[in-house]
Amino acid sequence: MKRAIITGATGAIGTALVNELIKNKVEVLVICRGNSNRNINIPDSPLVSKLYCDLKDLSSLKNNTGKEYDVFYHFAWMGTSGVARNDMYLQNQNVQYSLDAVGVAKRFKCRKFIGAGSQAEYGRVEGKLKAKTPTFPENGYGYAKLCAGQMTRDYSHQLGIEHVWTRILSIYGPNDGQQSMVMSTINKMINGEIPQFTKGEQMWDYLYSGDAARAFFLLGERGVDGKTYVVGSGKVKPLAEYIKDIQRIVNPKCEIQLGAIPYDDKQVMYLCADTVELEKDTGWKPSISFEEGIKNVIK
């Protein structure tokens, strides 16, 4: 891989992937909104250039760079949290924009399209999540991610582009959204607030963004056309233990309230990635512990 394109490059995975590509001497074109205050998160490097384009304008975006690219990474998505996850019209727009992104990949001569799906495609499942685990999404976000994965695969193949879909579990790291459990807990502990949680009995799989970025880089190099890969650490422990790990690192004297918030009626209680296919096809393995990752976030 000599050149790559990324949408959604301002979040935890996107910024980490840009850094991973820079480390591997890959030229990166970031497609981003011109008016986003999160553009400051995009790593600065001679290898990185920006092309300003809103998602709604992807369908008309032309390749005026004079260059051909190898891999297209599509992370951009609207309505990833809160009530927007069940805004059916908004989520349906994301499916269209994902198809538009495939068209951009074709116009920029990319050989491979890699899409970012979600654990939400599965719904509530016991046991490790595999590509062939039955999917029963329970919200608009999950429906749209599942649909986008299937439709972009067929459309990519119609256009002669290889396709890889990923289902991402819980990623944390620098530039993560402030509303995530990890980031909101760290911020509250630093500010002397008392964070409140459910009982924290959920068995959870957390993966550091740097490890996720390395997985995506390797999928760009070695990911098998047509496959879906689950991206996570492959290890679980109760959410309460993760919370106590954060407390120990950030502020051991900070009070926490486990059990102060009731579980949602559709609460996922078990979340763990089966990474066998990812490891077999790419040689990837996670290397950053949760504790080390939290220290990186705090820095």
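Buried means under 20% relative accessible area. The legends below apply this term to close-up views of a predicted model.

**View 1. Salt bridge between E27 and R3, joining strands β2 and β1.** E27 has a relative accessibility of 18% and therefore counts as buried. Its partner R3 is partly exposed, with a relative accessible area of 26%. The closest N and O atoms of E27 and R3 are 3.1 Å apart. The pair links distant parts of the chain, with E27 in strand β2 (residues 27-32) and R3 in strand β1 (residues 3-7), 24 residues apart. A search of the whole structure finds 16 salt bridges.

**View 2. Salt bridge between K227 and E277.** The closest N and O atoms of K227 and E277 lie 2.5 Å apart. This pair, too, links distant parts of the chain: K227 is in the loop between α5 (209-222) and β10 (228-231), E277 is in helix α7 (residues 276-282), and 50 residues separate them. K227 is partly exposed, its relative accessible area being 23%. E277 also counts as partly exposed, at 34% relative accessibility. Side chains of opposite charge can pair when their charged atoms come close.

**View 3. Salt-bridge network of K227, E277, K280 and D281.** Besides its bridge to K227, E277 forms a salt bridge with K280. For E277 and K280, the closest N and O atoms are 3.6 Å apart. Because E277 and K280 are three residues apart in helix α7, they are separated by about one helical turn. K280 is exposed, with a relative accessible area of 54%. D281 belongs to the network as well.

**View 4. Buried side of helix α8.** In helix α8 (residues 290-298), the residues F290, G293, I294 and V297 are buried. They cover an arc of only 100° around the axis, so they lie on the same side of α8. The buried residues of α8 pack against two strands, β7 (170-172) and β9 (206-208), and against two helices, α4 (181-190) and α6 (239-250).

**View 5. Loop residue N175, with a positive phi.** N175 is a residue other than glycine, and its phi is near 75°. N175 is placed in the loop between β7 and α4; both of these elements are also packed against by the buried residues of α8. With a relative accessibility of 26%, N175 counts as partly exposed.

**View 6. Loop residue K109, with a positive phi.** The phi of K109 is about 65°, a positive value although K109 is not a glycine. K109 is found in the loop between α2 and β5 (112-118).

**View 7. Nonpolar surface patch of M88, Y89 and Y143.** M88, Y89 and Y143 make a nonpolar patch of about 400 Å² on the surface. M88 lies in helix α2 (residues 88-107). The relative accessible area of M88 is 43%, so M88 is partly exposed.

Conventions
Residues numbered from 1 in each chain as written. Predicted model: local features only at pLDDT ≥ 70, side-chain atom pairs only at ≥ 80, totals over all residues. Heavy atoms only, no water. Patch = residues over 30% accessible without salt bridge, like charges linked within 9 Å, V, L, I, M, F, W, Y side chains within 5 Å. Areas by Shrake-Rupley, 256 points an atom, 1.4 Å probe, with all protein chains shown as cover. Salt bridge = Lys/Arg side-chain N within 4 Å of Asp/Glu carboxyl O. Helix = DSSP H or I, 4+ residues; strand = E, 2+ residues; numbered from the N terminus. Buried < 20%, exposed > 50% of the residue type's maximum accessible area, 1.4 Å probe, protein only. Arc of directions from axis to C-beta. Contact = heavy atoms within 4.5 Å.
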